[in-house]
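Biologist: I'd like a close look at one part of this model before I go back to the bench. Pick a spot and walk me through it, then show me what else is worth seeing.

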Amino acid sequence: MAILTGRNVSKRFGGLHAIERLDFSVEEGEVVGLIGPNGAGKTTLVNVITGALQIDGGEIFLRDQRIDRLPPHHRNRLGIARTFQIVRPFRGLTVRDNVLAGALYGRSERHWLLTRARERCLAVLEQVGLMAKADVPADRLTVADKKRVELARALATGPEVLLLDEVMSGLTPTEVDEMMSLVQSVNRSGVTVVLIEHVMRAVMGISQRIVVLQNGRKLAEGLPAAVAADDAVITAYLGRRAQGG
Amino acid sequence: MGGRRQRALAVAAAVLCLALALAAPFVVGRYTLRFLTSTLMFAGFAVSWNILGGLTGYFSFGHSVFFGIGAYAVAIGMVKAGLPFWVSLVASGLAAALFAVAIGLPVLRLRGHYFALVTLGIGEVVRGVVSNLTKLTGGGGGLSLPIFPGGVDTIYRAFYFMMLGTLLASLLVVYGLLHSRIGYGLVAIREDEDAAQMIGISTTAHKVLAFALSAMFFGVFGGIYAYWLTYIEPADVFDIKISVLSIIMTLLGGLGTLVGPLLGTICFQLLSEFLWNRLLEFHTAFLGALMIVIVLVFPRGFIDAARGGVRGAFRRTVANVRQFAE
C-alpha cells in the first residue's frame with residue numbers, strides 16, 4: 001500500500017519549474033532512493049512534502065489524507081519527518097536535549113510528559129549510537145555526528161516516513177558505512193525511508209527502488225541495477241556514456 | 001544534570017535569598033526599601049522579558065507598552081470604574097496579555113529583526129493613542145490614583161511584597177517552562193525555527209503564548225507601579241527605557257537562563273546606585289558603553305563568562321571583535 005503519494009505536483013520559483021507535474025508514490029516499509037543532478041528538484045520535493053514550501057499545483061497524500069495544505073508541524077504530527085541537506089541541529093543544546101525536543105513533539109503526543117519523553121529519547125540515543133555523547137553540545141560534534149543527531153531528532157518524533165536529505169555527504173567511507181547500516185536498521189524498525197543521496201554506493205546499496213529526477217521531472221524509476229544501467233540516466237546523471245564491451 | 005550536591009546548593013541559596021528578601025523590609029530604612037522595591041520590579045522586567053527574548057529568541061523593544069497598559073488598567077479601573085485594586089490588578093495582567101495576543105498573532109509570523117522593528121513602532125502608537133484619549137486616560141496630564149490605606153511603613157512594605165510576589169511568580173513560570181514540553185518548544189524555536197516546525201512544534205502558537213506570558217507580568221508590574229506612585233502619565237509608563245533596561249539587564253546576566261536576568265538586574269542596580277549620582281551627565285553614555293562591553297565580552301551573560309575565567313573572557317573578546325570586523 002502506498003504511504004506517500006503525489007499527483008501532478010508542481011512547484012515554480014518565478015519562471016523556473018523546480019518540479020513539474022510529478023507523480024510519485026512511496027510504498028509502506030520501503031527505502032526509496034531519490035537521485036538526480038544538482039538542480040533536479042530533489043530538495044524542493046522534500047520541502048513540498050514536509051510543508052516547508054507550498055506547492056503550486058497537484059496533490060500530496062499521506063495514506064489517503066491530503067496533506068499539501070497543512071502547515072509543517074501538522075504534517076510532522078501525522079508522521080512525516082526529515083533531515084536537512086545542510087545540517088541543522090539545535091546547536092546550543094546538548095545531543096540529549098535535541099533528541100528530547102523531538103520526543104516531546106511530533107507524532108509522539110503520548111510523550112507529553114518529560115519522563116515519558118526521556119525514555120523515548122534514551123531509546124533513540126541507543127538506537128543511533130549517540131549515548132556516549134548525550135551531554136555534548138551539538139555544535140561541538142563532527143559533521144557525521146551532527147547528521148546523526150538530526151536523524152535522531154527526526155526519529156524521536158515517531159515518524160512513519162523519514163526523508164533523509166543527503167545524510168551521507170561529507171562523510172568518510174567508514175562513516176558512510178555506519179550511516180548505511182543505521183538507515184537500514186531504522187527502516188527495519190518499521191519506518192519508510194526516502195533517501196536523497198549523491199553517494200552512489202550508499203543509495204544503490206540500500207535502496208529497494210530508485211527514482212531519478214531531472215529538471216523537475218521523473219527521468220527513470222526502477223530497481224537500482226536497472227536504473228544504473230539505463231542509458232538516459234547515465235547520460236543525464238553520470239554525464240558519460242557507458243563504454244561498450 | 002549538575003549532580004545532587006549542586007542542586008542542594010542551589011536550593012539552599014534560593015531559600016537563603018528568599019529568607020533575606022522576606023526579612024529585609026523589617027530591617028532596612030525607607031530609602032533602601034524603596035531602592036529594593038524598584039530593584040524587584042526591574043528584576044521582574046528582566047525575568048519576564050527573558051521568556052520571549054531569552055527562551056524564544058525574539059527581541060522585543062516594545063515591552064514598555066505592556067507596562068503602560070497595566071498601569072492604565074489599574075488607574076482607570078480604580079479611578080473611573082471604582083473597582084478595588086486587586087480586581088484592577090487582575091485586569092491589568094489580562095489586558096496586557098490580550099493585547100500581546102492581538103499583536104502577536106499577526107506580528108509573530110515575522111522573524112527576528114522584523115519583529116523587533118514592529119515592537120518599536122507599536123510602543124509609539126499606543127503611547128500616542130493613550131495620550132489622546134483624554135476623557136478616559138487624562139491625556140498628557142496623567143491620572144492620579146487613591147493612596148494605599150495605612151501608615152507610611154505599611155505602604156512601603158505592602159508595595160515591596162507585591163513586587164516580590166510578582167517577581168517570584170515570574171521566576172516560577174520560567175522555571176516551569178524550562179522543565180516542561182513548552183519550554184523545550186520555545187528553546188527549539190530560538191535555536192532553529194524551521195527545524196522546530198519540522199519536529200511538530202506549532203511555532204506561531206508557542207511564540208504567541210511566550211509573548212502573552214511575558215506581557216502579562218509587565219502588565220501586573222505596571223499595575224502595582226501605578227498604585228505605588230499614585231500618579232501616572234504616558235511619558236513615564238510608556239517610556240522606552242523600560243524595554244531597553246530589560247534587555248540590558250537580561251543580557252548582562254545571561255539570556256535564556258533562570259537566574260541570569262535576576263543577577264543581571266542586581267548588578268545593574270548596584271552599579272547605577274553607586275555610579276549614577278556621580279555620572280548624571282554621562283548617564284546615557286554609560287548605558288551605551290555598558291551595552292558595548294556586554295556584547296563584546298560576554299554576549300551570553302556573565303554567568304557563562306565566569307565559567308571561562310579571565311583568560312576565557314579575553315579570548316572570547318578577541319574572537320567577538322574579529323567576528324564583528326568580518
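**A serine, a helix and some charged pairs**

Modeller: Let's begin with Ser64(B), which sits in helix α3 of chain B, a helix covering residues 64–79. Keep in mind that this is a predicted model. Ser64(B) has a relative accessible area of 3%, so it counts as buried. What does Ser64(B) touch, once neighbours within four places in sequence are set aside? The contacts are Val237(B), Phe238(B), Asp239(B), Ile240(B), Ile242(B) and Ser243(B).

Zooming out to the chain around that serine, chain B has 15 helices and two strands. Of its 326 residues, 48% count as buried. Take the contacts in chain B with a separation of 6 or more: residues 24 or more positions apart account for 78% of them. As for the outside, chain B exposes about 15,200 Å², and carbon and sulfur atoms supply 70% of that area. One nonpolar patch on the surface is formed by Val259(B), Leu263(B), Ile266(B), Leu270(B) and Phe274(B), with about 420 Å² of accessible area together. Phe274(B) belongs to helix α13 of chain B, residues 260–275, and its relative accessibility of 52% makes it exposed.

Now over to chain A and its helix α4, residues 114–128. It has 15 residues and reaches 21 Å from first C-alpha to last, close to the 21 Å expected at 1.5 Å a residue. Its buried residues are Leu114(A), Ala117(A), Cys121(A), Val124(A), Leu125(A) and Val128(A). Looking down the axis of α4(A), you find these buried residues within an arc of 100°, so they line one face of the helix. On the other side of α4(A), Thr115(A), Glu119(A) and Glu126(A) are exposed. And what covers the buried residues of α4(A)? The cover includes α3 (95–104), α5 (143–156) and α6 (173–188) of chain A, together with α8 (181–191) of chain B. Just after α4(A) comes Gly129(A), with a positive phi of about 75°.

The two chains also meet through charge. Side chains of opposite charge can pair when their charged atoms come close. Arg88(A) and Asp192(B) form a salt bridge at 2.8 Å, N to O. Arg88(A) is in the loop between β6 (80–82) and α3 of chain A, and Asp192(B) is in the loop between α8 and α9 (193–198) of chain B, so this pair joins two chains. At 26% relative accessibility Arg88(A) counts as partly exposed, whereas Asp192(B), with a relative accessible area of 11%, is buried. Elsewhere, Arg7(A), Glu59(A), Arg66(A), Asp68(A) and Arg69(A) are joined into one network by salt bridges that share partners. Within it, the side chains of Arg66(A) and Glu59(A) meet at 3.5 Å, N to O.

Across the whole structure, a search finds 20 salt bridges over all chains. Another one of them pairs Glu20(A) with Arg217(A) at 3.0 Å, N to O. Glu20(A) lies in strand β2 (residues 16–27) and Arg217(A) in strand β10 (residues 217–222), both of chain A, so the bridge ties together parts 197 residues apart in sequence. Each partner is partly exposed: Glu20(A) at 22% relative accessibility, Arg217(A) at 47%.

Notes: Residues are numbered from 1 along each chain as its sequence is written. Chains are lettered from A and ligands numbered from 1 in the order in which they are written. This is a predicted model: local features need pLDDT of at least 70, side-chain atom pairs count only at pLDDT 80 or more; totals for chains, interfaces and linings use all residues. Side-chain values use heavy atoms; hydrogens and water are left out. Helices (H or I, at least four residues) and strands (E, at least two) are DSSP runs, numbered from the N terminus. Buried means under 20% relative accessible area, exposed over 50%, partly exposed in between (1.4 Å probe, protein chains only). Contact means heavy atoms within 4.5 Å. The expected span of a helix is 1.5 Å times one less than its number of residues. The arc is that of the directions from the helix axis to the C-beta atoms. Patches are made of residues with over 30% relative accessible area and no salt bridge: like charges are joined within 9 Å, nonpolar side chains (Val, Leu, Ile, Met, Phe, Trp, Tyr) within 5 Å. Accessible areas come from the Shrake-Rupley method with a 1.4 Å probe; for residues, only the protein chains shown count as cover. A salt bridge is a side-chain nitrogen of Lys or Arg within 4 Å of a carboxyl oxygen of Asp or Glu.
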